[in-house]
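Trainee: I've got a structure open and I'd like to learn how to read it. Could you walk me through it?

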Amino acid sequence: MADDSDDIPPEDGAADRPKKEKRPQRVFTLIVEVGRKAGDGLPDKATGAALMCYASGVDEAEAVRETVALLKDADLAPLEVQGLGTLEERRKAGEEIDATEEALMERALAENSVVVAQMSPFYD
């Protein structure tokens, strides 16, 4: 079977559009508050939890979307997300980032993933 892809005209104006520059992935530190949901794996008497996550994305909005989607797939119930910024932004704000935390950020970037670094359950 012949490939007829050369016979298909380009989209209107496709040749005129500049090529999109690929934006680099960055790692964002996020604090995600989760509520209770059946099968969430939180301690029995917990009312929810806060998760510290390192998430890669071209911008913070993408990192948040990916993190929320991952947590929902893990049967957690994300309620609120707070962005703390990138490594550079956090250092510029005067935060001290230890080697362990930086290594987790590098892992999130290398794997283009979300790393849940810490979970702190809430109790009434």
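What follows is a chat about this predicted model.

Trainee: Let's start with helix H1, residues 60–73. How many Å does it reach from its first C-alpha to its last?

Mentor: H1 has 14 residues. At 1.5 Å a residue, you'd expect a span that the model comes close to. From first C-alpha to last, H1 reaches 20 Å.

Trainee: Which residues of H1 are buried, and why do they end up on the same side?

Mentor: In general, an α-helix has 3.6 residues a turn, so residues three or four places apart point the same way. In H1, the buried ones cover an arc of only 60 degrees around the axis, and that puts them on the same side. They are Ala63, Thr67 and Leu71.

Trainee: And which exposed residues sit on the face turned away from that buried side?

Mentor: Turn H1 until its buried side points away from you. The exposed residues on the face you now see are Arg65 and Asp73.

Trainee: Which strands help cover the buried residues of H1?

Mentor: Look at what lies over Ala63, Thr67 and Leu71, the buried residues of H1. The cover includes four stretches: 26–35, 48–57, 77–86 and 114–122. By name, those are strands E1, E2, E3 and E4.

Trainee: Is E1 largely enclosed or largely open, and why?

Mentor: Count along the strand: E1 has ten residues, and seven of them are buried. So, as far as the rest of the structure goes, E1 is largely enclosed.

Trainee: Which strands does E1 pair with, and in what sense?

Mentor: On one count, nine bridges join E1 to an antiparallel strand, and Phe28 stands opposite Ala55 there. On another, eight bridges pair E1 with a strand in the antiparallel sense, where Glu33 has Glu80 as its bridge partner. The nine-bridge partner is E2, and the eight-bridge partner is E3.

Trainee: Which residues have the most contacts inside the largest nonpolar core?

Mentor: That core has 14 residues, and the elements giving two or more residues to it are E1, E2 and H1. A second, separate core of eight residues includes Val27, Ile97, Ala108 and Val115. Back in the largest core, the residues with the most contacts are Leu30, Val32, Val34 and Leu51.

Trainee: Now for charges. How many residues apart in sequence are the parts tied together by Asp59 and Arg23?

Mentor: The side chains of Asp59 and Arg23 meet in a salt bridge, at 3.4 Å from N to O. Asp59 lies in the loop between E2 and H1, while Arg23 is in the segment before E1. So the pair ties together parts whose separation in sequence is 36 residues.

Trainee: Arg90 and Glu95 meet in a salt bridge too. Which of them counts as buried?

Mentor: Use the cut-off here: buried means under 20% relative accessible area. Glu95, at 34%, counts as partly exposed. At 4%, the buried one is Arg90.

Trainee: Which residue is linked with Arg90 and Glu95 in a network of salt bridges?

Mentor: Start from the Arg90 and Glu95 side chains, which meet at 2.9 Å, N to O. Their network has another member, and that is Glu101.

Trainee: Last one: about how many helical turns separate Arg107 and Glu111?

Mentor: Their side chains meet in a salt bridge at 3.4 Å, N to O. Both are in helix H3, residues 99–111, and they are four residues apart. So the separation is about one helical turn.

Technical notes: Residues numbered from 1 in each chain as written. Predicted model: local features only at pLDDT ≥ 70, side-chain atom pairs only at ≥ 80, totals over all residues. Heavy atoms only, no water. Expected span 1.5 Å × (residues − 1). Buried < 20%, exposed > 50% of the residue type's maximum accessible area, 1.4 Å probe, protein only. Arc of directions from axis to C-beta. Contact = heavy atoms within 4.5 Å. Core = buried A, V, L, I, M, F, W, Y, C linked by side-chain atoms within 4.5 Å. Pairing = 2+ DSSP bridges. Salt bridge = Lys/Arg side-chain N within 4 Å of Asp/Glu carboxyl O.
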